[in-house]
Amino acid sequence: MYQVIRNTKYDYIGQSYASLYPNLHKYPATMLPQIGIDILKEFDATKGSLLDPYCGSGSSFASGLECGLTKMQGFDVNPLAVLISKVKFTKIPISELIEKKQTFRSNVFEFLKNENNLSKLLHPQITNIDFWFSQDVINKLIIIKHFIDEIKNINVRNFFLVPFSEVVRECSYARNNEFKLFRIKSDELLNFNPDVVSVYLKKWNDIFLIYSNFYFPKIKNDSNINVQCAQFQFQNESFDVVLTSPPYGDSRTTVAYGQFSTLSNEWLGISFARKIDRMLMGGVKSKSNIVHGVIADSISQISKVDNNRALEVSSFYKDLDISIINVANSVRKGGKVMYIVGNRTVKNIKLPTDQFVAERFEAYGFKHIVTYERVLSNKVMPSKNSPTNKAGKAVNTMLYERIVVCEKRHMVKLNICTP
Ligand SMILES: C[S@@+](CC[C@H](N)C(=O)[O-])C[C@H]1O[C@@H](n2cnc3c(N)ncnc32)[C@H](O)[C@@H]1O
């Protein structure tokens with residue numbers, strides 16, 4: 001058992017994400033950048049290069065920037081997450097954004113003067129488009145997207161896509177206060193007539209203010225923050241520190257990152273938008289249960305109640321293990337890994353993810369340094385989730401998070417696996 005220390009310093013009661021780096025775009029289960037800043041400083045990991053193999057909307061880069069790190073790499077299989085992270089941490093000339101916004105605005109209004117113009121534009125491939133959007137919303141989104149696509153500079157274009165993605169969700173019939181994709185009630189549909197262009201322009205302004213005040217000034221000229229839409233693959237001893245908050249479990253029964261992003265990703269032209277949840281860790285059910293190590297006992301208990309759930313849980317931890325092998329091999333000797341994890345409950349059985357992470361890293365040449373427990377008071381995620389997956393049956397699945405810190409002591413010859 002790896003010792004766990006309750007550390008109130010990491011609770012940040014009363015602080016929100018917005019108090020340091022307001023988000024440019026909603027994203028589920030974001031990490032508080034304050035955690036990253038304090039843990040990097042506490043363990044003197046403020047030099048060299050940082051990796052986040054599950055970077056989401058990029059909070060670990062915000063932490064890294066605050067600590068003076070300039071070289072950072074991130075990976076995520078969700079294209080929406082990659083878009084948000086890229087825009088936050090790319091230095092885009094402010095004057096160019098303002099200038100393009102003016103051209104964009106006049107182009108859109110000019111275009112709207114003639115209804116026949118719309119027939120000339122390409123219509124996107126959106127699954128069940130009429131179920132999720134009114135015809136007027138579809139038309140306006142097509143026009144906005146057309147003029148965004150005309151922007152030549154990819155960084156500027158990406159910036160314009162961030163408010164576009166927010167507007168796709170907000171102007172759709174999807175319920176806005178949920179991560180999963182549910183349609184609003186039919187009696188609400190009739191009164192839902194958003195003015196898409198105005199909503200877009202307002203969003204653009206809001207996002208521009210956040211970007212220009214909170215992100216742009218902090219990105220140094222020598223900052224090199226590279227974000228890729230992919231699973232992390234082994235890179236020989238390239239990183240000095242890994243700071244990450246992996247998912248708590250498979251997407252289907254925890255946070256549905258893919259589902260949350262589906263409509264946006266489809267409008268962004270992502271062909272695999274509807275397959276993302278299956279591509280995330282634990283997305284494909286394992287054929288056998290894990291029978292060794294600290295997680296085996298919990299899985300065995302779950303299998304006695306429901307073997308299918310045990311196989312799903314096993315699949316998540318097998319994927320996490322493969323990912324840890326890739327990460328372990330990619331860290332330099334003396335380098336540190338910092339994983340912020342949640343120990344979720346399945347079928348009323350607690351899954352010791354923090355112990356699993358520490359155990360796997362120790363197996364791959366690391367030494368467990370510390371595990372801190374903090375109150376999970378700031379993460380934007382459903383606080384209640386039914387472990388039985390029965391509607392109406394909700395119990396708290398997680399109230400605390402754990403920060404696991406390990407240090408690389410020696411090289412272990414490991415077979416590199418492709419997830
Ligand atoms: C808890 S979120 C990270 C949130 C992030 N720290 C932030 O503040 O936005 C976990 C992320 O892992 C991503 N993910 C899940 N499985 C993955 C995999 N196999 N490879 C890369 N990313 C993955 C999800 O898309 C999600 O964005």
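Is aspartate 250 counted as buried or exposed? In this predicted model, aspartate 250 counts as buried, at 3% relative accessibility. That residue is a handy entry point, and the passage returns to it after a look at the chain as a whole.

The protein chain comprises 14 helices and 12 strands. Its C-alpha atoms fill a box of roughly 70 × 50 × 40 Å along the principal axes. For a compact globule of 419 residues, a radius of gyration near 22 Å would be expected, and the 22 Å of the protein chain agrees with this. Of the 419 residues, 57% count as buried. Among contacts with a separation of 6 or more, 79% are made by residues 24 or more positions apart. The accessible surface comes to about 18300 Å², and carbon and sulfur atoms supply 51% of that area.

Turning to charge, the protein chain carries 53 positive and 39 negative charges, and the mean positions of the two sets are 2 Å apart. The structure holds 24 salt bridges, and a few of these are described here in turn.

Aspartate 250 takes part in one of them, its side chain meeting that of arginine 344 at 3.8 Å, N to O. Arginine 344 sits in the loop between β6 (331–341) and β7 (345–346), while aspartate 250 sits in the loop between β5 (239–244) and α10 (257–267), so the bridge ties together parts that lie 94 residues apart in sequence. Arginine 344, like its partner, is buried: the relative accessible area of arginine 344 is 8%, under the 20% cut-off for that class.

The loop between β5 and α10 also contains arginine 252, which forms a salt bridge with glutamate 312, the closest N and O atoms being 2.8 Å apart. Because glutamate 312 belongs to helix α13 (residues 307–330) and arginine 252 to the loop, this pair links parts that are 60 residues apart in sequence. Here the two ends fall into separate classes: glutamate 312 is buried, with a relative accessible area of 14%, whereas arginine 252 is partly exposed, with a value of 48%.

A salt bridge within a single helix joins aspartate 206 and lysine 202, with an N to O distance of 2.9 Å. Both residues lie in helix α9 (residues 196–215), and because they are four residues apart, about one helical turn separates them. Aspartate 206 counts as partly exposed, at 31% relative accessibility. Salt bridges also combine into a network, in which Lys26, Glu170 and Lys203 are linked.

Methionine 279 offers another view of the surroundings of aspartate 250. The two residues are 29 residues apart in sequence, and their C-alpha atoms are 10.0 Å apart in space. Methionine 279 is part of helix α11 (residues 276–279) and counts as partly exposed, at 33% relative accessibility. Leaving aside residues up to four places away in sequence, methionine 279 touches Val77, Gln231 and Phe272.

Terms used:
Residues numbered from 1 in each chain as written. Predicted model: local features only at pLDDT ≥ 70, side-chain atom pairs only at ≥ 80, totals over all residues. Heavy atoms only, no water. Helix = DSSP H or I, 4+ residues; strand = E, 2+ residues; numbered from the N terminus. Rg over C-alpha atoms; globule rule 2.2 N^0.38 Å. Buried < 20%, exposed > 50% of the residue type's maximum accessible area, 1.4 Å probe, protein only. Contact = heavy atoms within 4.5 Å. Areas by Shrake-Rupley, 256 points an atom, 1.4 Å probe, with all protein chains shown as cover. Lys, Arg positive; Asp, Glu negative; His and termini not counted. Charge placed at Lys NZ, Arg CZ, Asp CG, Glu CD. Salt bridge = Lys/Arg side-chain N within 4 Å of Asp/Glu carboxyl O.
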